[in-house]
Every structure is written in C-alpha cells, then in structure tokens.
Amino acid sequence: MGFCFYNNVAVAALHALEEALGPFEGVVGHSFGGFASAWALAGWTAERPLEAPRLVTIGTPEHLSGVVENFRRILDLSPEVVDHMDDWIQARTGRRIKDITLSRVVREAGVQAVHIHDREDKEVPFSEAEAAASAGPGELAATIGLGHRRIVRAPEVAAIISEAMSARAGTPCP
C-alpha cells in the first residue's frame, strides 16, 4: 500500500503548501510526483482540487498501470495486493488502475501542461511522454542525455519550467 500512501501524502502536502503560501501559479512534479500533482489538481483524492492553472511534469509516466506493474515487480507483490491497491484506488477515484492515464487526469484538471522528458530516460520510457502529449492536453519538451534523475537539475529544464510558469493563462505553453 506504499504506492497509495505516497500519493495521499503528496496530495496532502501540496494542499498544506497552498494553505500556507496561497494560490500557486503552477505545480512541477518529477516521475510519480508528476502524477500525484495532476491528481491533486484534478481533486481525485482530496476534498477539493488544488488550484493552479499550470502543470509541468518531468519524466512522468502516462500509464498508471505501468507504474503499478513496476512497483509490483520491484517489491515482489502478490496479485492479491495489487488487486487490493486497485480496489483502494477505485474507491477513492471511481476509476480502475488500467483506466488511469496522466493525460486523462490533466484533462479533468483543466490545466495547461508541459511534459518534459529525456529521450534516454531508462526508468520511464520517452514513449510515455509522447503518449501523454499526443493524448493531450499538453506540450512535449524533449531533452537528450539527462536521463531520469539529472534532468531535474539541468539549466535547460529550469528554463523550460520558467517559461511554462510565466505563460499567460489561456495561452499555450511552449
């Protein structure tokens, strides 16, 4: 249940920050943190959606089912545990794991999105970002040679995030 716990903690942390700091201009999330950020913006696992007009994901998967499968494989979870996770998620979101995609959550959140992803990411394939951007809404910004972790510290990625966050509401992100 660590997967489900992590998501709840991440969503609660974003709401606590919003309460302490006021409304956000946008939210940036890396890997599964990008998924959790989108969930918070859509209000799937909280009493109300997080309010922000923009989302930037970095190295975030499109398909939740792939995340859960990796989680299952790494922790050697039984099919019963995965079924329990699926039931838990459905009870809170009304959706099954197989039906949840990043693009669907972003659509339901109604935010502008930029998906930054490295073509050489070995943990989350670049094709996941391509799928998220093509299913929309969202723009794809590709990097090369930064992988899954170094991408978060790269100056060129900071520039993409800055541009996305400064975009005026109603205008497409880069």
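**Close-up 1. F35 and W39 in helix α2 of the predicted model.** F35 and W39 are 4 residues apart in α2, so about one helical turn separates them. Both residues are buried. Their ring centres lie 6.5 Å apart and the ring planes meet at 70°; with planes over 60 degrees apart counting as edge-to-face, the F35–W39 pair is therefore edge-to-face.

**Close-up 2. F32 and F35, a pair of rings in helix α2 (residues 32-42).** A spacing of 3 residues in α2 means that F32 and F35 are separated by about one helical turn. F32 and F35 are both buried. The centres of the two rings are 5.9 Å apart, and because their planes stand at 25°, below the limit of 30 degrees for stacking, the pair is stacked.

**Close-up 3. The aromatic cluster of F32, F35 and W39.** A search of the whole structure gives 2 aromatic pairs. The rings of F32 and F35 form a stacked pair, and those of F35 and W39 form an edge-to-face pair. F32, F35 and W39 together make up one aromatic cluster.

**Close-up 4. The largest nonpolar core, with 32 residues.** The members that touch the most other members are V27, F35, W39, L41, L64, I100 and V105. Two or more residues of this core come from each of α1 (2-21), α2, α3 (64-75), α4 (79-93) and α5. Helix α2 supplies the largest share, 7 residues. Two residues of the aromatic cluster, F35 and W39, are among those with the most contacts to other core members.

**Close-up 5. A second nonpolar core, separate from the largest one.** This core has 13 residues. Among them are I116, I151, I160 and A164.

**Close-up 6. The buried side of helix α6 (residues 126-135).** The buried residues in α6 are F126, E128, A129, A132 and A133. These residues lie on the same side of α6 because they cover an arc of only 155° around the axis. They pack against α5 (102-109), β3 (112-118) and β4 (139-143).

**Close-up 7. G136, just after helix α6.** The phi angle of G136 is positive, at about 60°. Helix α6 itself spans residues 126-135, and G136 comes just after this helix.

Notes. Residues numbered from 1 in each chain as written. Predicted model: local features only at pLDDT ≥ 70, side-chain atom pairs only at ≥ 80, totals over all residues. Heavy atoms only, no water. Buried < 20%, exposed > 50% of the residue type's maximum accessible area, 1.4 Å probe, protein only. Arc of directions from axis to C-beta. Contact = heavy atoms within 4.5 Å. Phe/Tyr/Trp six-rings, centres within 6.5 Å; stacked < 30°, edge-to-face > 60°. Core = buried A, V, L, I, M, F, W, Y, C linked by side-chain atoms within 4.5 Å.
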